[in-house]
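I opened my notebook beside the structure viewer today. Here is what I looked up, one stop at a time.

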Amino acid sequence: MQTESVSPCGELPFGRERIESILPHRDPFLWVSRVIACDPGASIVAELDVDESLALFQGHFPAHPVLPGVIIMEALAQAASISILLGRSSQGAIGFLTGIDGAKFRRQVVPGDVLRLEATIVKSSSRLCVAETTALVNGEVCATATQKYVLAAPERA
């Protein structure tokens with residue numbers, strides 16, 4: 001049984017409503033279901049419920065549905081952006097993914113999985129942020145990558 005706690009990110013865990021107050025993403029392209037732990041500007045642990053009713057499974061692949069690797073990378077980027085935006089009090093800013101280095105995919109993610117999204121911010125300057133990211137299911141590593149982001153104010157986006 002998970003207990004709620006209070007952190008610099010607010011009450012944890014938190015779900016869609018709070019996530020949508022931080023990120024500009026909306027369905028069908030919001031890939032974070034809840035935030036479990038967060039150290040603003042430093043690290044985050046979040047989750048994505050991989051819903052079997054997602055339309056993308058109708059084509060990727062109907063007889064053997066698998067969450068696409070690009071969606072896993074986007075989910076990791078969104079989770080990292082939550083930590084970055086909270087660390088800068090930059091809610092409403094738009095984070096643009098500018099690079100993915102050393103991406104490795106080690107395990108398929110399928111409908112019904114809960115994908116754990118972990119990110120540690122290793123660089124955060126006024127222009128560029130870099131995060132080491134890992135996606136896991138049941139403790140098994142699914143994907144890892146070093147991701148780079150640039151944040152822009154909404155009016156410049």
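My entries below go from the core outwards to single residues and then to the pocket.

**Entry 1: the core**

Before anything else, I noted that this is a predicted model. I began with the largest nonpolar core, which has 44 residues. Which of its members touch the most others? I found Val35, Leu67, Ile82, Leu115 and Leu117. Then I listed the elements that give two or more residues to this core: helix H1 (16-22), strand S3 (34-39), strand S4 (43-49), helix H2 (69-88), strand S6 (114-124), S7 and S8. Helix H2 gives the most, with 12 residues.

I picked Leu67 for a further look. Leaving out residues up to four places away in sequence, Leu67 touches Leu48, Val50, Leu56, Phe57, His60, Ile72, Val109 and Leu115. I was pleased to meet Leu115 again, since Leu115 is also on my list of core members that touch the most others.

**Entry 2: the loop between S4 and H2**

Val66 sits in the loop between S4 and H2. Is Val66 buried or exposed? Val66 counts as buried, because its relative accessibility is 9% and the cut-off for buried is under 20%. Setting aside neighbours within four places in sequence, I found Val66 in contact with Phe57, His60, Phe61, Gln108 and Val109. I also looked up a distance: Val66 and Glu52 are 14 residues apart in sequence, and their C-alpha atoms are 10.0 Å apart in space.

Phe61 is in this loop between S4 and H2 as well. A cis peptide bond joins His60 and Phe61, with omega at about -15 degrees.

That sent me to another cis bond. Leu12 and Pro13 are joined by a cis peptide bond, and omega there is about -5 degrees. Pro13 belongs to the loop between strand S2 (10-12) and H1.

**Entry 3: Glu47**

Next I went to strand S4, where Glu47 is found. At 18% relative accessibility, Glu47 counts as buried. What does the side chain of Glu47 make a polar contact with? The partner is the side chain of Arg34, at 2.6 Å. Beyond residues up to four places away in sequence, Glu47 touches Val32, Ser33, Arg34, Ile36, Val114, Leu115, Arg116 and Leu117.

**Entry 4: from S7 across to S8**

Val137 is a residue of strand S7. Val137 is buried, with a relative accessible area of 1%. Not counting residues up to four places away in sequence, Val137 touches Arg107, Val109, Asp113, Val114, Leu115 and Cys142. Val137 and Val110 are 27 residues apart in sequence and 9.8 Å apart in space, C-alpha to C-alpha.

I then moved on to Asn138, in the loop between strand S7 (128-137) and S8. Asn138 is exposed, because its relative accessible area is 71% and exposed begins over 50%. Phi of Asn138 is near 50 degrees, which is a positive value in a residue other than glycine. I noted one distance here too: Asn138 and Leu115 are 8.2 Å apart, C-alpha to C-alpha, with their places 23 residues apart in sequence.

My last stop in this part was Thr146, in strand S8 (residues 140-152). Thr146 is buried, with a relative accessible area of 19%. Its side chain makes a polar contact with the side chain of Glu132 at 2.9 Å. Leaving aside neighbours within four places in sequence, Thr146 is in contact with Gly99, Ile100, Asp101, Val130, Ala131 and Glu132.

**Entry 5: the largest pocket**

I ended with empty space. Rolling a probe the size of a water molecule over the atoms shows where such space is left. How much space lies in the largest pocket? I wrote down about 170 Å³. Its lining is made up of Arg16, Asp27, Pro28, Leu30, Trp31, Leu48, Asp49, Asp51, Leu54, Ala55 and Leu56. I sorted these lining residues into 7 nonpolar, no polar and 4 charged. Two names were already in my notebook: Leu48 and Leu56 are among the residues that Leu67 touches.

Key
Residues are numbered from 1 along each chain as its sequence is written. This is a predicted model: local features need pLDDT of at least 70, side-chain atom pairs count only at pLDDT 80 or more; totals for chains, interfaces and linings use all residues. Side-chain values use heavy atoms; hydrogens and water are left out. Helices (H or I, at least four residues) and strands (E, at least two) are DSSP runs, numbered from the N terminus. Buried means under 20% relative accessible area, exposed over 50%, partly exposed in between (1.4 Å probe, protein chains only). A polar contact is a pair of N or O atoms within 3.5 Å; within protein, one must be able to donate a hydrogen and the other to accept it, and residues adjacent in sequence count only if both atoms are side-chain atoms. Contact means heavy atoms within 4.5 Å. On a 1 Å grid over the protein atoms alone, a cavity is a set of points where a 1.4 Å probe fits but cannot get out, and a pocket is an open set with protein on both sides within 12 Å along at least five of seven lines; lining residues have an atom within 4 Å of a point. Grid points are joined across faces, edges and corners, and a volume is the space filled by probe spheres set on the points. Ala, Val, Leu, Ile, Met, Phe, Trp, Tyr, Cys and Pro count as nonpolar, Asp, Glu, Lys and Arg as charged, and the others, Gly among them, as polar. A nonpolar core is a set of buried Ala, Val, Leu, Ile, Met, Phe, Trp, Tyr and Cys residues joined through side-chain atoms within 4.5 Å.
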